[in-house]
Amino acid sequence: MRLSHLSAGIVALATGITSAASTFKPTRAPAYPLLVRSPYLNSWLQGESGGLLPGSWPRFWTGQILGWQGFVAVDGATYNWMGAAPGPQNVDQVSVEYTSTKTIFTFDVAGAVTLTATFLSPVYPDDLAKQSQQFSYVSLKAKSSDGAAHSVQVYMDVTGEWTSGDLSQTVNWEFGTSGDVSYHKFFRANQQVFTESGEIASWGTWYLATSSADGLTQRSGFADDVRAQFVDKNVLDNSADSQFRAVNDRWPVFAFARDLGRVNDQEEEVVFSLGLVQDEVISFAGTEDGMTSLPGLWSAFYENDADAMTAFYSEYSDALKASDALDDKIQRDSVAAAGQDYATITTLAVRQAFGALQFAGSSSKPYIFLKEISSNSDIQTVDVIFPAYPILLYLNPDLLRYLLEPLYENQESGRYPNKYAIHDLGTFPVARGYPDGNDEAMPLEECGNMIIMTLAYANRSGDIDYLSQHYSKLSQWAEFLVEDSLIPANQLSTDDFAGTLANQTNLALKGIIGLKAMSRIARLTGNDDTFGATADDYLRKWQGFAINTDANPPHTTLSYGDNSSHGLLYNLYADRLLSLDFVPQSIYDMQSDFYKTVALEYGVPLDTRHTWTKSDWEMFCAAIAKPDTRALFISLLAKWIGQTNTNRAMTDLYDAGTGGYPAGGPTFVARPVQGGTFALLALP
Ligand SMILES: *[C@@H]1O[C@H](CO)[C@@H](O)[C@H](O)[C@H]1NC(C)=O
Ligand SMILES: *[C@@H]1O[C@H](CO)[C@@H](O)[C@H](O)[C@H]1NC(C)=O
Ligand SMILES: *[C@@H]1O[C@H](CO)[C@@H](O)[C@H](O)[C@H]1NC(C)=O
């Protein structure tokens, strides 16, 4: 592909016509993750770009532009490889590829140089120190593509837009060096801890860093001036603008340029890191009285922010090795489980899932907090952790414990009055809980979720003590399931955009499986099992209420007795995940045979209220389906990824008929529930 493109490029040069036909591997994503490592380092190339980085502004997940400009000069002529600053013509994008941790763009610069830009956001499932850092890498590699040596300079700048959702805020900046690392440090003058503006943190310090190598120049100043200087001279004058001003006051930028000298067919590489450091990350109502300010977990491992920043930059080659290994593992395991279409799905989900997590606390008491990105910014939403958790069970079940911990601490401290499990802990980044019990009630949903996830963690980690530690809450929630799971009251399920409903078949099954899981927990912890017999009895009765046996083919209904309805019975997945051997195989087979008959162009509808579906729940169903139905779910979702006209960081809610956003429904963006696409890989 590349060779033919290059020869086309040479022809184009001769004729003055440019070609711009990028290839997309493994498919064209709705939006490409650029630097995505936390709720605040969460940048994307959105779909309206056509998947082309030159000429498009990267955006925060909300859609806010993040000023971020890249140029490359070859033999004195300057080209644009990223961003929409006016002036230099765009390079030709040859290809873009995503892996679990990387997005890799390849550009043809004037038929003379191949430039590769790799956006690497490592995921370290087993290394809390490294995972707690809110930094990512950009690697730029240049080499000659026509056999001749060329003079090459590369350029990158960022604006203050990264530091504030309110663009009228003043940004401060400073250039510095630390060891072998040169950096631009920039931050909102008015630091407001635990406050967001337009979802962007109003506190913390940003760093753009690179190696203090020969040929490095830098500058801060007005965007137009700094960029023009590089375009004209292919070098920066190392001057500092000392007039701190508003982000949108002629857009102060912080820029680096690097002269790579004469580049032949040996690749030259420049690495940048970009990210932020926050001393305190979460305000939490836990075991201590009042609110506790939790430090970023990074501070348990690094002396100060400069130390953290330089450590991250300096470990690039290890980060690349670890990321290559993780990419290979996820690719291999996904293909082995269900083929390349499945890998197309899982590999796009990894950074999105981890990008909603904030690591806090100390090395002896780590916590992970999750932001319910885009739906309403709740913190620690139980029914968002639940769809996301397959990726954690697959990569490291301890991560699930660190997410459950704040929920247990808050509720076990007597800070929540209801007999059922809490829905969330507040609005990110303030985990205040609900002392008045007035959270968005999803009683059956969250009681089932907490019991199922806690057993899943204990089983995968072997940490049976954890079940004993929390037995009192677990059995309280199980008592609620005894009351409410067989005949569920009118209530919300996790799919709350669809409204409340009584007797929800799938919700009831979650509660009943939750009771069976509690029976297992009681036995594992040496308690009396008062739950198993009830679970068995309820399951028998549920089969009587839940199934339309006259339908052809028969299937469960959305709610009891509503014979014309149906839905994805995704809560069945927990039975298989926990190896409960509880629900008869005939139910699995019946649903499997049925789903095929109601599939639309891009998936199987969530239920009969809409033609909408959810990618996470589809993959829960696929994981426990017969091979042909599993393949159908997976191929339709992979097709959707490549064809959908949704343009934001992969939505989990879409119209299974049109592939677009749900008409009249919410627009979901960048939600961590995509971790649920790992449902097949989390099975025992
Ligand atoms: C996890 O569950 C499986 C299936 O019930 C069981 O075989 C295994 O022993 C359990 N592991 C632990 C550590 O409890
Ligand atoms: C729920 O289902 C049960 C069992 O079929 C039925 O007795 C009850 O009337 C239903 N409740 C509602 C509100 O439909
Ligand atoms: C729904 O179907 C069941 C058989 O699956 C039948 O017994 C029941 O009468 C039907 N209910 C209604 C309201 O038609």
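UniProt positions are given in the numbering used here, and such annotations may be inferred rather than shown by experiment. With that in mind, UniProt's unreviewed entry places "domain: Glutaminase A central" at residues 339–681. The model discussed here is predicted.

## Annotated spans

UniProt also lists "domain: DUF4964" at residues 21–84, again from an unreviewed entry. A further unreviewed annotation, "domain: Glutaminase A N-terminal", covers residues 101–333. The table sets out the computed make-up of these spans.

| UniProt feature (unreviewed entry) | Residues | Helix | Strand | End-to-end C-alpha distance |
|---|---|---|---|---|
| DUF4964 | 21–84 | 0% | 42% | 19 Å |
| Glutaminase A N-terminal | 101–333 | 18% | 45% | 15 Å |
| Glutaminase A central | 339–681 | 48% | 6% | 12 Å |

Residues 21–84 contain strand but 0% helix. Residues 101–333 hold 45% strand and 18% helix. In residues 339–681, helix accounts for 48% and strand for 6%.

## Two domains

The domain assignment splits the protein chain in two: domain 1 spans 7–278 and domain 2 spans 318–682. Their centres, taken over C-alpha atoms, lie 37 Å apart.

How many residues of each domain are in contact with the other? Domain 1 contributes 45 residues, and domain 2 contributes 43. Together the domains bury about 3,700 Å² between them. Carbon and sulfur atoms carry 60% of that area. On the domain 1 side, Pro-30, Trp-61 and Ser-100 supply 18% of the area buried against domain 2, more than any other three residues.

## Polar links across the interface

Four salt bridges cross the interface of domain 1 and domain 2. Polar contacts across this interface number 24 residue pairs. Several elements of domain 1 each supply at least two residues to the side that touches domain 2. Among them are strands S2 (32–36), S3 (42–45), S9 (102–109) and S10 (113–120). Helix H2 (128–131) and strand S11 (134–144) also belong to this group. The largest share comes from S2, with three residues. By class, this side of domain 1 has 22 nonpolar, 16 polar and seven charged residues.

One salt bridge can be described in detail. Glu-199 pairs with Lys-371. Their closest N and O atoms are 2.7 Å apart.

## Backbone features

Most residues other than glycine have a negative phi, and most peptide bonds are trans. Three sites in this model depart from that pattern.

Which residues does the cis peptide bond with omega of about -5 degrees join? Lys-25 and Pro-26 are the pair. Pro-26 sits in the loop between strand S1 (23–25) and S2. S2 is also the strand that gives the largest share of the domain 1 side touching domain 2.

A cis peptide bond also joins Phe-428 and Pro-429, with omega of about 5 degrees. Pro-429 is in the loop between helix H8 (398–412) and strand S26 (430–431).

Phe-194 has a positive phi, near 60 degrees, although it is not a glycine. Phe-194 lies in the loop that runs between strand S14 (181–188) and strand S15 (196–197).

Terms used: Residues numbered from 1 in each chain as written. Chains lettered and ligands numbered in written order. Predicted model: local features only at pLDDT ≥ 70, side-chain atom pairs only at ≥ 80, totals over all residues. Heavy atoms only, no water. Domains from an automatic or database assignment. Contact = heavy atoms within 4.5 Å. Buried area = accessible area lost by both parts, 1.4 Å probe. Salt bridge = Lys/Arg side-chain N within 4 Å of Asp/Glu carboxyl O. Polar contact = N/O pair within 3.5 Å; in protein donor to acceptor, adjacent residues only side chain to side chain. Helix = DSSP H or I, 4+ residues; strand = E, 2+ residues; numbered from the N terminus. Nonpolar A, V, L, I, M, F, W, Y, C, P; charged D, E, K, R; others polar.
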